[in-house]
Amino acid sequence: MMAPASAAAFVTLILVVAVPASAQQEAPLPLPTEDVAFPSFEERTLANGARLLVVTQDEVPYVTIRAVLGGGSAMDPVDRVGLAAFTAQLLTKGTASRSADSIAEAIDFVGGSLDASATADWINVTLAVLEPDLGTGLALLADIVMNPMFPEEELELVRTRALSGLRASLARPSVLASRAFTRAVYGGHGYGRLETEETLRTIDRQSLEAFHDRWFRPINTVFVVAGSVTAEEIAPALEAAFQGWEPVSVPEVAYGTPPTPRREVLLVHRPGSVQAVVRAGHLLASGAHPDWTALSVANELLGGGMTSRLFQILREERGWTYGAYSAGTRRRDLGVWQAAVEARNEVVVDVIAELFAQVERLRTELVPAEELNVTRSFMIGSFPLRIETPQQIAGQVASNRLLGLPDDALETYRDRVAALDASDIRRVATDHLLPERMVLVVVGDGTQLKSELERFGPVRVIDMDGEPLALAALFLESWGERFDTLPLGPRQATSIGHSPRAGPSVR
C-alpha cells in the first residue's frame, strides 16, 4: 500500500496567458432573429356558454386542461380575505361523490395531476393527463369544479396551514414592506385586500359555498386546452363531462376605488434593525393599455435584471446592496410598478435618492443606442423560451385574451419590441413613471431613519401591523438590547471606499 502523500506533494500550477491588446476582440454581434413557428390555436364557445381555447400539438400524447374562472382574491369580502384561496385549495378535498383520498388516488393511478390555485383576478383549476386517460381526468375535473363539498375537517386543516404561513411570513421584513406598499397604493381597491388572522378565522363552510355559487359558472369560465387533442375532439368531451352545469349569470366585477395618487413616505418601525427594506412605486394602467410593451422594455432597462441600471449602479458601482430590481405587474384592472432594494441603515437614504434619480434619468434622457439594443435583443431573444411548449403557448394566448389584448398580440410581440426607439422609452417613462405619485415604504428602525427620510417628504410612521406610531413611542421602544434578523452579508460588510453620502450619480 502506498503511503499517503504529504501536503507538500500537491502542487497547483496556474498558467496566466497575457493576450495582446491587438488580439482582443469585441463581443460578437447577435445573430439574426429567427422566425418562431406558432402552432395554430382554435377558439369557440361551448353550448353552456364557456369559452374554449385549444392549442394542438401531437408530438407527445399528453393533454393539459386549465379552467380559468373569473373572481379571484380581489373579489374576497373585506371581512373574509383569503376566501378565494381557501375555495381553490378545498376543491380537491372532497365532492358529493368522492372523498379527498379517492380523488388523489384516482389521479395518481393514471399518473396525472389535478390542482387549483387563486390569483388576484382568477381561480385556475388545472388537469394534466396522458391522452389515453383524458376521460378519467375530465370526470375528476368536472366533479371538483361543479360539486365541491368543502368538508369541515379539511377546512380546518387549510386554515391551520394558512395561519401558520401568515405568522411566519410576517416575521420577514420584505413581507412587511410589500404589505404596507400594497395597502398604500391600492387602499380600498380589491387588489389591496390582505389576509389577516381575523379574516382567515371568519371563513366558514357557508361562505365557501356562497363564493362557489357566485363565481363558478360556465359563462365565467375559459377552458385552455393544450396537447394531443383537437378542438373537434375536446369540445364535445367537455360538454359531456360538464353536463348539467347551468349557464347562470355572475355578478359584475367591481374592484373598488384606489386612493388618490400622491407622494407618500411610510416608515414601518422595526426596532433594532441594522438594515432597511425599501419598496417604491405607484399604480399603472390596466393590462389592456397599449403602452405595456414599451413599459416592459423601459422597466428592463431600469431594474429588470442584473444588467439593469439599478443593479449595476447600486450594487456593482456603489456596493450598497446585494441587488436592486423593479417590476411592472400587469393585471385585469389597475397594474402596479414597484422597485425593491435592501440596504444598511448608513446608506439607505442614498439608495433611495439614487433610485429616484434613475427614474428621472429615464424620463428625461434618451437611452443610448447600444444600451437599448442590448435590452431589446435580450427580450426578443428570450421570448421563444416562453412559448416552447403547447402549454406555454396556450397560457400566453389565454392571458392575452383575459386581459383584453388584440388577437395577434403574441405573434407581433417581437416586432413591437424591435420597433421601439429611445424616444418611445422616454415617452412611456414620462407618461407612466411619475415621481410625484411615488409611494415610498421603508421597513427599518425608525429611531435611526425617520429624520433622514424626511428629505423625501413627510414621514408617516406605522407599526408592523400598520397602525400609526407616535415619534415618542419609537425612542421608548429603542431602549434595551437591540436585535436584528438580517445580518450583514459579505458584499455589504466590505463596501469600504464607497462614500456613505455620495448622493445620486450624475450620468
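**Strand pairing, surface patches and salt bridges**

Strands β3 and β6 (residues 221–227) are paired in the antiparallel sense over 7 bridges. Within this pairing, T64 has A226 of β6 as its bridge partner. The structure in which this pairing is found is a predicted model, and the account below starts from β3 and proceeds outward to the surface and the charged side chains.

Strand β3 also pairs with strand β5 (residues 122–130): the two run antiparallel and are joined by 9 bridges. One of the matched positions is Y62, whose bridge partner in β5 is L130. Strand β3 therefore has pairings with β5 and with β6, and the accessibility of its residues can be considered in that setting. Of the 9 residues of β3, 7 are buried, so the strand is largely enclosed by the rest of the structure. In a regular strand, side chains point alternately to the two faces of the sheet.

Strand β5 has a further pairing, with strand β4 (residues 113–118); these two strands run antiparallel and are joined by 6 bridges. They form a hairpin, with 3 residues between β4 and β5. In this pairing, D115 stands opposite T126 of β5. T126, located in strand β5, is counted as partly exposed because its relative accessibility is 23%, whereas buried would require a value under 20%. T126 can also be related to the position in β3 named at the outset: the C-alpha atoms of T126 and T64 are separated by 7.1 Å, although the two residues are 62 residues apart along the chain.

Where does Y62 lie, and which residues join it in a nonpolar surface patch? Y62 belongs to strand β3, and together with V60 and L130 it makes a nonpolar surface patch of about 250 Å². The bridge partners Y62 and L130 are thus both members of this patch. Y62 has a relative accessibility of 32% and therefore counts as partly exposed; the residues that make up such patches have over 30% relative accessible area.

A second surface feature is charged. D58, E59, E131 and E233 gather in a patch of negative charge on the surface. Among them, E59 is placed in the loop between β2 (51–56) and β3 (62–70). Its relative accessibility is 68%, and E59 therefore counts as exposed, the threshold for that class being over 50%.

Attention now turns to oppositely charged side chains. Over the whole structure, a search finds 21 salt bridges. One of them brings together the side chains of R80 and D79, with an N to O distance of 3.2 Å. Both partners are partly exposed: R80 counts as such because its relative accessibility is 22%, and D79 has a relative accessible area of 39%.

Another salt bridge is formed by R201 with E197, whose closest N and O atoms are 3.5 Å apart. Both residues lie in helix α6 (residues 197–202), at a spacing of 4 residues, or about one turn of the helix. R201, at 47% relative accessibility, counts as partly exposed, and E197 is partly exposed with a relative accessible area of 27%.

How many residues separate the partners R460 and E264 along the chain? The side chains of R460 and E264 meet in a salt bridge with an N to O distance of 2.4 Å. This pair links distant parts of the chain, since R460 is in strand β12 (residues 459–462) and E264 is in strand β7 (residues 264–269), 196 residues apart. The two partners fall into separate accessibility classes: R460 is partly exposed, with a relative accessible area of 41%, while E264 is buried at 9%.

Salt bridges also connect residues into a network, as with E42, R44 and E232.

A final position to examine is H282, which is found in strand β8 (residues 275–286). Is H282 buried or exposed? With a relative accessibility of 3%, H282 counts as buried, because that class covers values under 20%. In sequence, H282 and R262 are 20 residues apart, and in space their C-alpha atoms are 8.9 Å apart.

How values were computed. Residues numbered from 1 in each chain as written. Predicted model: local features only at pLDDT ≥ 70, side-chain atom pairs only at ≥ 80, totals over all residues. Heavy atoms only, no water. Patch = residues over 30% accessible without salt bridge, like charges linked within 9 Å, V, L, I, M, F, W, Y side chains within 5 Å. Areas by Shrake-Rupley, 256 points an atom, 1.4 Å probe, with all protein chains shown as cover. Salt bridge = Lys/Arg side-chain N within 4 Å of Asp/Glu carboxyl O. Lys, Arg positive; Asp, Glu negative; His and termini not counted. Charge placed at Lys NZ, Arg CZ, Asp CG, Glu CD. Buried < 20%, exposed > 50% of the residue type's maximum accessible area, 1.4 Å probe, protein only. Pairing = 2+ DSSP bridges.
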